[in-house]
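Here are my notes on the model, point by point. Please read them with the structure open.

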Amino acid sequence: KLEHIYALYSEEVIKAGGDNKFIEIIKEIVKGKDVYREEEWKNKNEPNSIVVHFRKADYNSGDDIKYVLIRIDKELKDEGIKDDEISVYISSGTSAITLYSMLLGLENLRQIEYMRQNDRKIDKLNIMKQDVLKFINKIY
């Protein structure tokens with residue numbers, strides 16, 4: 001059950017209104033559910049809603065992206081969220097965001113999702129840490 005979305009943003013995204021567009025896209029995907037920014041939700045604490053947590057990252061710095069994603073991972077663990085309750089969406093953002101999001105998603109039981117190009121539906125990848133290690137071992 002989708003309850004929280006963590007989204008990275010840059011200064012450029014905010015200036016272009018991308019955060020508002022993101023909220024509208026989420027509302028379209030989850031029709032019938034209320035979607036709130038984190039600060040709005042804290043004031044209302046609405047049950048059965050989806051909360052979007054925006055986290056600022058420098059899209060030009062792989063280190064910053066990695067740092068922000070590690071902080072998000074810590075937040076989730078501190079909230080008691082289990083790995084099998086986490087889904088990582090990798091289709092949007094820069095190459096560095098996709099790479100580090102994919103690595104974050106490799107924790108056991110986490111679902112990694114992407115948007116299919118042909119019909120724009122969200123699908124999942126069945127890949128875990130062990131799969132990546134097998135692949136790396138085959139290369140070397």
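1. Start at one residue pair. Glutamate 113 stands opposite lysine 124 in β6. This is a predicted model. Strand β5 covers residues 111–115, and 4 bridges join β5 to β6. The two strands run antiparallel.

2. Now the sheet around that pair. It is open, with 3 strands in the order β4-β5-β6. The pairing is mixed. Which strands are the edge strands? They are β4 (87–89) and β6 (122–125), and each pairs on one side only. On average, neighbouring strands of this sheet are turned by 35° against each other, direction ignored.

3. Stay with β6 for a surface feature. Isoleucine 122 sits in this strand. Is isoleucine 122 buried or partly exposed? Its relative accessibility is 43%, so it counts as partly exposed; the cut-off for buried is under 20%, and for exposed over 50%. Ile122 belongs to a nonpolar patch on the surface, together with Ile25, Ile29 and Tyr89. The four have about 350 Å² of accessible area together.

4. Next, strand β3. It is largely enclosed by the rest of the structure, because 7 of its 8 residues are buried. β3 pairs with β1 in the parallel sense, over 6 bridges. Within that pairing, histidine 4 has valine 51 in β3 as its bridge partner. β3 is also joined to β2. Here there are 4 bridges, and the strands run parallel. Aspartate 34 stands opposite serine 49 in β3.

5. Aromatic rings come next. How many aromatic pairs are there? The count is 2. In one of them, tyrosine 9 meets phenylalanine 54 edge-to-face. The centres are 6.2 Å apart, with 80° between the planes. Tyrosine 9 lies in strand β1 (residues 4–9) and phenylalanine 54 in strand β3 (residues 49–56), so this pair ties together parts that are 45 residues apart in sequence. Both tyrosine 9 and phenylalanine 54 are buried.

6. Phenylalanine 54 also pairs with phenylalanine 22. This pair is edge-to-face as well, at 5.9 Å centre to centre and 65° between the planes. It links distant parts of the chain: phenylalanine 22 is in helix α2 (residues 18–29), phenylalanine 54 in strand β3, and they are 32 residues apart. Phenylalanine 22 has 26% relative accessibility, so it counts as partly exposed. Phenylalanine 54 has 17%, so it counts as buried. Ring pairs link Tyr9, Phe22 and Phe54 into a cluster.

7. Then the charged contacts. The structure holds 10 salt bridges. One of them joins the side chains of arginine 37 and aspartate 19, at 3.1 Å from N to O. Arginine 37 is in strand β2 (residues 34–37) and aspartate 19 in helix α2, 18 residues apart, and the pair links distant parts of the chain. Arginine 37 is buried, with a relative accessible area of 16%. Aspartate 19 is buried too, at 11%.

8. A salt bridge also involves β3. Arginine 55 pairs with glutamate 38, and the closest N and O atoms are 2.8 Å apart. The partners come from distant parts of the chain: arginine 55 from strand β3, glutamate 38 from helix α3 (residues 38–44), 17 residues apart. Is arginine 55 buried or exposed? At 11% relative accessibility, arginine 55 counts as buried. Glutamate 38 counts as buried at 15%.

9. Last, a salt bridge that leads into a network. The side chains of aspartate 73 and arginine 110 meet at 2.6 Å, N to O. Aspartate 73 is in helix α4 (residues 62–78). Arginine 110 is in the loop between α5 (95–105) and β5. They are 37 residues apart, and the pair links distant parts of the chain. Aspartate 73 counts as buried at 12% relative accessibility. Arginine 110 is buried, with a relative accessible area of 4%. Which residues make up the network of salt bridges? Asp73, Lys77, Asp83 and Arg110 are linked in it.

Technical notes
Residues numbered from 1 in each chain as written. Predicted model: local features only at pLDDT ≥ 70, side-chain atom pairs only at ≥ 80, totals over all residues. Heavy atoms only, no water. Phe/Tyr/Trp six-rings, centres within 6.5 Å; stacked < 30°, edge-to-face > 60°. Buried < 20%, exposed > 50% of the residue type's maximum accessible area, 1.4 Å probe, protein only. Pairing = 2+ DSSP bridges. Axes fitted to C-alpha atoms, helices over the stretch in contact; angles between N-to-C directions. Patch = residues over 30% accessible without salt bridge, like charges linked within 9 Å, V, L, I, M, F, W, Y side chains within 5 Å. Areas by Shrake-Rupley, 256 points an atom, 1.4 Å probe, with all protein chains shown as cover.
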